[in-house]
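Here is a quick look at some aromatic rings, a couple of charges that go with rings, and one loop residue. Have the structure open while you read.

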Amino acid sequence: MKKILCLLLLFNLQTLNVFASAVKDFEIRQYNPVNMGLKDLYYEVRIEGLTKEFKKSNSLIKIEKEIYFKVFWLYPGKIEIEVEGLPKGFLAQKNQLISLVTPKVAEVIPTSLSKTLRKYELAEKKKGKNTIVIAKDRTRSSAVTEMELTFDEESRLTKVFYRSPMGSQRVQNNYVTKAWSKNKWVKDMVVARSVTGVQSTKVETKYDYESIKGFGLLNKIVINTEQVINQNSKNGKELKNSIENIVQFSNHKVNENIAQGYFRRNVSDGKN
(Lines give C-alpha, C1' and ligand atoms only; values in the text may rest on other atoms or scores of the structure.)
Protein backbone atom coordinates (compact mmCIF):
# COMPACT_ATOMS: atom_id res chain seq x y z
CA MET A 1 0.00 0.00 0.00
CA LYS A 2 2.84 2.38 0.93
CA LYS A 3 4.53 1.63 -2.39
CA ILE A 4 1.34 2.50 -4.29
CA LEU A 5 0.99 5.79 -2.39
CA CYS A 6 4.62 6.64 -3.10
CA LEU A 7 4.16 5.92 -6.78
CA LEU A 8 1.03 8.10 -6.91
CA LEU A 9 2.85 10.89 -5.13
CA LEU A 10 5.80 10.58 -7.50
CA PHE A 11 3.46 10.69 -10.51
CA ASN A 12 1.78 13.84 -9.23
CA LEU A 13 5.13 15.51 -8.57
CA GLN A 14 6.34 14.63 -12.05
CA THR A 15 3.19 16.12 -13.56
CA LEU A 16 3.59 19.35 -11.58
CA ASN A 17 7.29 19.56 -12.45
CA VAL A 18 6.56 19.14 -16.16
CA PHE A 19 3.94 21.88 -15.96
CA ALA A 20 6.22 24.16 -13.97
CA SER A 21 8.87 23.58 -16.63
CA ALA A 22 6.41 24.49 -19.43
CA VAL A 23 5.42 27.72 -17.68
CA LYS A 24 9.04 28.48 -16.89
CA ASP A 25 9.99 27.95 -20.54
CA PHE A 26 7.29 30.43 -21.61
CA GLU A 27 8.39 33.03 -19.07
CA ILE A 28 12.04 32.59 -20.03
CA ARG A 29 11.25 33.06 -23.73
CA GLN A 30 8.85 35.98 -23.21
CA TYR A 31 10.40 39.45 -23.40
CA ASN A 32 10.34 41.25 -20.07
CA PRO A 33 12.30 44.51 -19.62
CA VAL A 34 12.77 43.67 -15.95
CA ASN A 35 14.90 40.68 -16.92
CA MET A 36 16.99 43.03 -19.06
CA GLY A 37 17.86 45.26 -16.11
CA LEU A 38 14.93 47.66 -15.79
CA LYS A 39 14.87 49.08 -12.26
CA ASP A 40 13.21 52.48 -12.46
CA LEU A 41 10.64 53.70 -15.00
CA TYR A 42 8.55 56.82 -15.53
CA TYR A 43 6.18 57.37 -18.45
CA GLU A 44 2.95 59.11 -19.40
CA VAL A 45 -0.25 57.60 -20.77
CA ARG A 46 -2.82 59.36 -22.92
CA ILE A 47 -6.12 57.84 -24.03
CA GLU A 48 -7.40 59.38 -27.24
CA GLY A 49 -10.65 61.32 -26.70
CA LEU A 50 -10.61 60.88 -22.92
CA THR A 51 -10.68 64.60 -22.04
CA LYS A 52 -13.61 65.25 -24.39
CA GLU A 53 -15.62 62.30 -23.09
CA PHE A 54 -14.90 63.20 -19.47
CA LYS A 55 -16.15 66.75 -20.04
CA LYS A 56 -19.39 65.40 -21.55
CA SER A 57 -20.17 63.11 -18.62
CA ASN A 58 -18.93 65.53 -15.93
CA SER A 59 -20.22 68.89 -17.13
CA LEU A 60 -20.15 70.42 -13.62
CA ILE A 61 -16.38 69.90 -13.30
CA LYS A 62 -14.30 72.64 -14.88
CA ILE A 63 -11.64 70.98 -17.02
CA GLU A 64 -9.12 73.42 -18.50
CA LYS A 65 -6.26 71.06 -19.38
CA GLU A 66 -5.79 67.68 -21.00
CA ILE A 67 -6.45 64.69 -18.76
CA TYR A 68 -3.60 62.20 -18.84
CA PHE A 69 -1.64 59.94 -16.50
CA LYS A 70 1.84 59.87 -15.01
CA VAL A 71 3.13 56.43 -14.08
CA PHE A 72 5.97 55.68 -11.66
CA TRP A 73 7.30 52.11 -11.51
CA LEU A 74 10.08 50.89 -9.22
CA TYR A 75 11.64 47.42 -9.10
CA PRO A 76 10.46 44.83 -8.14
CA GLY A 77 6.91 46.07 -8.78
CA LYS A 78 5.99 49.18 -6.84
CA ILE A 79 3.75 51.38 -8.96
CA GLU A 80 1.77 54.58 -8.64
CA ILE A 81 -0.52 56.31 -11.14
CA GLU A 82 -1.13 60.07 -10.95
CA VAL A 83 -4.02 61.75 -12.77
CA GLU A 84 -3.15 65.06 -14.43
CA GLY A 85 -5.62 67.69 -15.65
CA LEU A 86 -8.24 67.00 -12.98
CA PRO A 87 -8.88 69.74 -10.37
CA LYS A 88 -8.07 68.99 -6.75
CA GLY A 89 -10.67 66.91 -4.96
CA PHE A 90 -13.07 64.78 -7.01
CA LEU A 91 -11.65 61.59 -5.52
CA ALA A 92 -14.38 59.36 -6.99
CA GLN A 93 -13.71 60.61 -10.53
CA LYS A 94 -9.96 60.24 -9.99
CA ASN A 95 -10.37 56.62 -8.90
CA GLN A 96 -12.59 55.90 -11.91
CA LEU A 97 -9.93 57.28 -14.25
CA ILE A 98 -7.22 55.22 -12.56
CA SER A 99 -9.39 52.10 -12.89
CA LEU A 100 -9.78 52.89 -16.59
CA VAL A 101 -6.05 53.14 -17.28
CA THR A 102 -4.81 50.40 -14.94
CA PRO A 103 -5.32 47.49 -17.42
CA LYS A 104 -3.34 49.44 -20.03
CA VAL A 105 -0.54 50.19 -17.58
CA ALA A 106 -0.42 46.47 -16.69
CA GLU A 107 0.63 45.73 -20.29
CA VAL A 108 3.96 47.57 -19.92
CA ILE A 109 5.55 45.01 -17.59
CA PRO A 110 4.35 41.43 -18.31
CA THR A 111 2.62 39.82 -15.36
CA SER A 112 3.88 36.51 -14.02
CA LEU A 113 1.88 33.59 -15.39
CA SER A 114 3.15 31.43 -12.52
CA LYS A 115 1.60 33.79 -9.97
CA THR A 116 -1.67 33.94 -11.90
CA LEU A 117 -1.97 30.14 -11.87
CA ARG A 118 -0.77 29.63 -8.32
CA LYS A 119 -4.24 29.24 -6.78
CA TYR A 120 -5.54 26.84 -9.44
CA GLU A 121 -5.48 23.05 -9.54
CA LEU A 122 -3.46 22.09 -12.61
CA ALA A 123 -3.35 19.24 -15.11
CA GLU A 124 -1.71 18.92 -18.50
CA LYS A 125 -1.80 16.88 -21.67
CA LYS A 126 -0.06 16.80 -25.03
CA LYS A 127 -1.95 17.49 -28.24
CA GLY A 128 0.29 17.05 -31.24
CA LYS A 129 3.24 19.40 -30.76
CA ASN A 130 1.29 21.57 -28.32
CA THR A 131 1.04 21.35 -24.55
CA ILE A 132 -2.43 21.91 -23.07
CA VAL A 133 -2.67 23.01 -19.44
CA ILE A 134 -6.01 22.88 -17.62
CA ALA A 135 -6.33 25.17 -14.57
CA LYS A 136 -9.39 24.79 -12.32
CA ASP A 137 -10.46 26.72 -9.26
CA ARG A 138 -12.15 24.05 -7.16
CA THR A 139 -13.15 26.63 -4.53
CA ARG A 140 -15.14 28.66 -7.08
CA SER A 141 -13.85 31.80 -5.33
CA SER A 142 -12.19 33.29 -8.43
CA ALA A 143 -13.93 35.31 -11.14
CA VAL A 144 -12.46 32.83 -13.65
CA THR A 145 -13.24 29.27 -12.58
CA GLU A 146 -11.37 27.43 -15.33
CA MET A 147 -8.65 28.12 -17.90
CA GLU A 148 -7.28 26.09 -20.75
CA LEU A 149 -3.87 27.25 -21.93
CA THR A 150 -2.18 26.14 -25.15
CA PHE A 151 1.60 26.37 -25.53
CA ASP A 152 3.14 25.68 -28.93
CA GLU A 153 6.43 23.88 -29.57
CA GLU A 154 8.33 27.18 -29.31
CA SER A 155 6.99 27.87 -25.79
CA ARG A 156 4.56 30.56 -26.92
CA LEU A 157 1.23 30.84 -25.12
CA THR A 158 -0.87 30.91 -28.27
CA LYS A 159 -4.39 30.35 -26.92
CA VAL A 160 -6.29 30.70 -23.65
CA PHE A 161 -9.87 29.66 -22.99
CA TYR A 162 -11.53 31.22 -19.92
CA ARG A 163 -14.70 30.00 -18.26
CA SER A 164 -16.64 31.90 -15.59
CA PRO A 165 -20.21 32.02 -14.22
CA MET A 166 -20.85 35.03 -16.48
CA GLY A 167 -19.78 33.35 -19.72
CA SER A 168 -16.70 32.29 -21.64
CA GLN A 169 -13.84 33.93 -23.51
CA ARG A 170 -11.35 32.67 -26.08
CA VAL A 171 -8.08 34.52 -26.50
CA GLN A 172 -5.55 34.07 -29.28
CA ASN A 173 -2.06 35.57 -28.83
CA ASN A 174 0.48 36.39 -31.51
CA TYR A 175 4.14 36.77 -30.56
CA VAL A 176 7.04 38.02 -32.69
CA THR A 177 10.70 38.86 -32.16
CA LYS A 178 12.06 42.39 -32.50
CA ALA A 179 15.55 43.70 -33.24
CA TRP A 180 15.86 44.77 -29.58
CA SER A 181 14.20 41.72 -27.99
CA LYS A 182 17.32 39.51 -28.05
CA ASN A 183 15.40 36.58 -29.55
CA LYS A 184 12.66 36.85 -26.90
CA TRP A 185 8.97 36.71 -27.78
CA VAL A 186 7.12 40.05 -27.83
CA LYS A 187 3.33 40.27 -27.74
CA ASP A 188 2.23 41.67 -31.10
CA MET A 189 -1.53 41.13 -31.21
CA VAL A 190 -4.29 39.62 -29.09
CA VAL A 191 -7.78 38.68 -30.30
CA ALA A 192 -10.35 37.96 -27.60
CA ARG A 193 -13.82 36.61 -28.29
CA SER A 194 -16.45 36.32 -25.57
CA VAL A 195 -20.13 35.43 -25.28
CA THR A 196 -22.44 36.68 -22.54
CA GLY A 197 -26.12 35.90 -23.01
CA VAL A 198 -27.23 37.22 -26.43
CA GLN A 199 -24.16 39.44 -26.79
CA SER A 200 -20.92 38.40 -28.45
CA THR A 201 -17.83 40.58 -28.31
CA LYS A 202 -14.58 40.59 -30.28
CA VAL A 203 -11.67 42.68 -29.06
CA GLU A 204 -8.57 43.00 -31.23
CA THR A 205 -5.56 44.61 -29.55
CA LYS A 206 -2.41 45.59 -31.43
CA TYR A 207 0.83 46.62 -29.73
CA ASP A 208 3.56 48.98 -30.93
CA TYR A 209 6.92 49.34 -29.20
CA GLU A 210 10.01 51.49 -29.30
CA SER A 211 13.54 50.87 -28.14
CA ILE A 212 14.64 53.23 -25.38
CA LYS A 213 18.14 52.83 -23.97
CA GLY A 214 18.09 49.25 -25.21
CA PHE A 215 14.72 48.41 -23.60
CA GLY A 216 11.66 47.58 -25.68
CA LEU A 217 8.75 49.56 -24.23
CA LEU A 218 5.17 50.12 -25.32
CA ASN A 219 4.44 53.34 -27.17
CA LYS A 220 0.94 52.57 -28.49
CA ILE A 221 -1.96 50.17 -28.06
CA VAL A 222 -4.81 50.14 -30.57
CA ILE A 223 -7.97 48.39 -29.36
CA ASN A 224 -10.82 47.62 -31.76
CA THR A 225 -13.98 46.33 -30.12
CA GLU A 226 -16.94 44.87 -32.02
CA GLN A 227 -20.13 43.95 -30.20
CA VAL A 228 -23.00 42.01 -31.74
CA ILE A 229 -26.37 41.55 -30.04
CA ASN A 230 -28.65 38.86 -31.42
CA GLN A 231 -32.22 40.11 -31.01
CA ASN A 232 -33.54 36.61 -31.64
CA SER A 233 -36.24 38.04 -33.88
CA LYS A 234 -37.91 36.37 -36.84
CA ASN A 235 -36.02 38.51 -39.36
CA GLY A 236 -32.74 37.55 -37.70
CA LYS A 237 -31.45 41.12 -37.44
CA GLU A 238 -28.43 41.85 -35.28
CA LEU A 239 -27.33 45.03 -33.55
CA LYS A 240 -23.66 45.83 -34.16
CA ASN A 241 -21.41 48.39 -32.55
CA SER A 242 -17.73 49.07 -33.23
CA ILE A 243 -15.34 51.21 -31.19
CA GLU A 244 -11.64 52.01 -31.60
CA ASN A 245 -9.53 53.13 -28.65
CA ILE A 246 -5.96 54.36 -28.97
CA VAL A 247 -3.64 54.52 -25.97
CA GLN A 248 -0.33 56.37 -26.26
CA PHE A 249 2.70 55.83 -24.00
CA SER A 250 5.29 58.60 -24.10
CA ASN A 251 8.05 60.53 -22.33
CA HIS A 252 9.69 57.37 -21.01
CA LYS A 253 12.48 57.90 -18.48
CA VAL A 254 14.45 54.68 -17.99
CA ASN A 255 16.66 54.00 -14.96
CA GLU A 256 16.97 57.72 -14.17
CA ASN A 257 15.82 57.28 -10.55
CA ILE A 258 12.68 59.35 -11.19
CA ALA A 259 10.35 56.76 -9.66
CA GLN A 260 12.70 56.24 -6.73
CA GLY A 261 12.73 60.00 -6.06
CA TYR A 262 8.94 60.13 -6.33
CA PHE A 263 8.40 57.38 -3.75
CA ARG A 264 11.00 58.88 -1.42
CA ARG A 265 9.25 62.24 -1.52
CA ASN A 266 5.92 60.59 -0.79
CA VAL A 267 7.42 58.81 2.22
CA SER A 268 8.88 62.05 3.58
CA ASP A 269 5.54 63.79 3.00
CA GLY A 270 3.70 60.99 4.80
CA LYS A 271 1.77 59.84 1.70
CA ASN A 272 3.10 56.27 1.75
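Tyr42, Phe72, Tyr262 and Phe263 are linked into a cluster by ring pairs. Keep in mind that this is a predicted model. The count of aromatic pairs comes to 8, and two of them are laid out here:

| Pair | Centre to centre | Angle between planes | Type |
|---|---|---|---|
| Tyr42 and Phe72 | 5.1 Å | 50° | tilted |
| Phe72 and Tyr262 | 3.8 Å | 5° | stacked |

What does the tilted pair tie together? Tyr42 belongs to strand E1 (residues 40-47) and Phe72 to strand E2 (residues 68-74), so the pair joins parts that are 30 residues apart in sequence. Tyr42 is buried, its relative accessible area being 7%. Phe72 counts as buried too, at 7% relative accessibility.

The stacked pair works across a longer stretch of chain: Phe72 is in strand E2 and Tyr262 is in helix H5 (residues 258-268), so parts 190 residues apart in sequence are tied together. Both Phe72 and Tyr262 are buried.

Now for the charges. Arg46 lies over the face of Tyr68, 4.1 Å from the ring centre. Over at Trp185, the charged end of Arg156 sits over the ring, 4.4 Å from its centre.

Trp185 turns up again as a contact of Thr177, along with Asn183 and Lys184, leaving aside residues up to four places away in sequence. Thr177 sits in the loop between strand E8 (167-176) and strand E9 (186-196). Buried or exposed? Thr177 is partly exposed, with a relative accessible area of 38%. Its C-alpha atom is 9.6 Å from that of Gln30, although the two residues are 147 apart along the chain.

Conventions. Residues numbered from 1 in each chain as written. Predicted model: local features only at pLDDT ≥ 70, side-chain atom pairs only at ≥ 80, totals over all residues. Heavy atoms only, no water. Helix = DSSP H or I, 4+ residues; strand = E, 2+ residues; numbered from the N terminus. Buried < 20%, exposed > 50% of the residue type's maximum accessible area, 1.4 Å probe, protein only. Contact = heavy atoms within 4.5 Å. Phe/Tyr/Trp six-rings, centres within 6.5 Å; stacked < 30°, edge-to-face > 60°. Lys NZ or Arg CZ within 6 Å of the ring centre and 35° of its normal.
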